[in-house]
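These are my notebook entries on one structure, written down in the order in which I looked things up.

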Amino acid sequence: MASSSDQAHCFIIIIATTTTLLALWLTKKIFILNKNPSPANNPKLRLPPSPPALPLIGHIHHLASAQPLFKTFHALRQKYGPLLYLRLGSYPVVLVSSPSLASEIFHTHDVSFAAKPDSPLEDRLLYGDSGFVTAPYGDYWKFVKKLCVTELLSTRQLDRSRSVRREEVERLLRKLVAKSEEKAAVDLSVELMSLTNNVTCRMAMSTRCSGEDNEAERCRKLVKESNELTAKMLLAHMLGPFKRVGYFLLRRQAKEFPARCDEMLERILMEHEERSASSAAYSFDCTNPDLMDILLRVSKDPEADIKVTRKNIKAFFLDIFIAGTSTTADAMAWTMAEILNHPAIFKRVRQEIHDLTNGSGNNRLVEETDIPNLHYLQAVVKEALRLHPPVMAAPRVCREACRVGGFDIPKGVAVALNVYSITRDPDVWENPDEFSPERFLQGMVEKGFQANGFAAFGGGRRMCPGSNLAFTVICYAVAAMVQCFDWKVGNGEDGVRMEAGLGMTMSLAKPLVCLPLLQVCLDQFQMEASSL
Ligand code: HEM
């Protein structure tokens, strides 16, 4: 056991080291960094207003709070206005919180804001900016965006992959039927994550990630861990000169997590390579290539205009997986939670489905192709996305100095689009905190869907390319769950608690646990009894 004098000795060493580090950093700031003064020191610039700042840490103390980050951003917007210049340690960030200012970023200055901030996970920790979501704006990003949109997310591809989504939604229903028969509650958050895992993996890489329950849980944890690690690394990144200390503290997690992701992706890549090799050693006549096959072909083609490395491929699929799974699952969970808390809305959604699927005494299970005719259901999903946007802040970087809202935004400054405040702006949305799907049935909203504040999928050229897929999956799965089951929430609680957890994405704070009560005979939906 350490003696008290040892402890005092340690304490003195820590204080001395910290003081030395601070002194070194200050010296560097004064004598070196002053050659590149921060935008805030340039009197010629008219920067957006700033809340009160502290020396060294700038505005970090405004973000240090026990509430979720989106609430902190929202509180800043309400107290100080829709355009704020913040200094987080040594990093300037502009917080944009109104629909009209977001429209300037997404539309007027789309190209100037088409870049993403550097990945806080640094190259050596994960795949850096080799993927899609954080790829610098340029030829590689244009190539992957085009490939992703045409080969995965176009209307034609979504039509072709419809059977995948149907199988996965029916698989979910069978699981819920089994739970209903056992009279056992189900953790819908887990099941919905498993659904989106499988849909994304099967569509993009022809593989099911969540075949077994344990694996589904592993995948869910992987995405959750990725979000948490990103949040922690971002915090470390903000420490400026001390970021290495932050990285050092996170080193074990930051080493283990990418290794596990890499192992999973390597396995899938090798399966694709083996399959291709056994068919015709990368001849270009493979009949039904998925996105991974296509990228592998490009990577092996010496004539290809764009050089695609193995690391690029793994980073791309990890990005698609992380961007597309928890976001869609969270949105579904929020939608179900709102529906369960509003019995009249639940009834109206079910009635709309019933009217469409019960023709001439013939009942059938709702299908994805019914969605365009389920207007009220669509309104419910849009309203849930508006109130609970899973991505609460879309980050961008200013590539060329420009003016937004009459203020200067210097080149290189990061911009955070405060999606939560934008989608609750009282100038655009009447009673913005109320869940009212009816507003989406009135023409007013459709008129200005983008410009007027529906920023759940971002905007401009870096807007989410998966919005159609996500919207379709959410509508389809929610419709099937409402059509087939009545639901009893959790442990006799009075409705679902609509609280969001901490973290980078907006998920329900507590798992959505409910008891499904089968309310229709699934035989009439031609689902095989043997597979129930
Ligand atoms: C409810 C579900 C989803 C939500 C709320 C959502 C939201 C977003 C947002 C806000 C952005 C940033 C946009 C911007 O900066 O303007 C984004 C980017 C992105 N999303 Fe989604 N997303 C969802 C589902 C999906 C799905 C299903 C996929 C693909 C399978 C996907 C793939 C991507 C990709 C690749 C990017 C990066 C695009 C780029 O940097 O050019 N997302 N998403």
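Which residues make a nonpolar surface patch of about 220 Å²? I found that L54, L56 and I57 form this patch, and I kept in mind throughout that the model is predicted. I then placed I57 in the chain, where I57 sits in the loop between α1 (4–31) and α2 (60–63). I57 counts as partly exposed because its relative accessibility is 34%, and patch residues need over 30%.

Next entry: the ligand. I listed 27 residues around the ligand, the closest being W141, R396, G459, R462 and C464. Sorting the residues of this shell by kind, I obtained 18 nonpolar, six polar and three charged. For the polar contacts I noted that an N or O atom in the side chain of W141 is 2.8 Å from an oxygen atom of the ligand, and that G459 places a backbone N or O atom 3.1 Å from a ligand oxygen atom. I also noted that a polar backbone atom of A323 is 3.5 Å from a nitrogen atom of the ligand. When I asked which elements give two or more residues to the shell, I found α14 (310–341), β6 (393–397) and α19 (467–484), and α14 gives the most, with six residues.

Last entry: salt bridges. I recorded 24 salt bridges in the structure and looked at some of them individually. R162 forms a salt bridge with D159, with the closest N and O atoms 2.8 Å apart; R162 has a relative accessible area of 29% and is partly exposed, and D159, with a relative accessible area of 42%, is partly exposed too.

I turned then to R202 and E167, whose side chains meet in a salt bridge at 2.7 Å, N to O. R202 belongs to helix α9 (residues 188–205) and E167 to helix α8 (residues 162–182), so this pair ties together parts that are 35 residues apart in sequence. E167 is partly exposed, at a relative accessible area of 41%.

I also looked up D262 and K314, a salt bridge in which the closest N and O atoms are 3.0 Å apart. Because D262 lies in helix α12 (residues 251–280) and K314 in helix α14, the pair ties together parts that are 52 residues apart in sequence. D262 counts as partly exposed at 23% relative accessibility, whereas K314 counts as buried at 9%. I closed by noting that D262 and K314 belong to a network of salt bridges that also links E266, E273, K300 and R310.

Note on methods. Residues are numbered from 1 along each chain as its sequence is written. This is a predicted model: local features need pLDDT of at least 70, side-chain atom pairs count only at pLDDT 80 or more; totals for chains, interfaces and linings use all residues. Side-chain values use heavy atoms; hydrogens and water are left out. Patches are made of residues with over 30% relative accessible area and no salt bridge: like charges are joined within 9 Å, nonpolar side chains (Val, Leu, Ile, Met, Phe, Trp, Tyr) within 5 Å. Accessible areas come from the Shrake-Rupley method with a 1.4 Å probe; for residues, only the protein chains shown count as cover. A salt bridge is a side-chain nitrogen of Lys or Arg within 4 Å of a carboxyl oxygen of Asp or Glu. Helices (H or I, at least four residues) and strands (E, at least two) are DSSP runs, numbered from the N terminus. Buried means under 20% relative accessible area, exposed over 50%, partly exposed in between (1.4 Å probe, protein chains only). A residue is near a molecule or strand if one of its heavy atoms lies within 4 Å of it. A polar contact is a pair of N or O atoms within 3.5 Å; within protein, one must be able to donate a hydrogen and the other to accept it, and residues adjacent in sequence count only if both atoms are side-chain atoms. Ala, Val, Leu, Ile, Met, Phe, Trp, Tyr, Cys and Pro count as nonpolar, Asp, Glu, Lys and Arg as charged, and the others, Gly among them, as polar.
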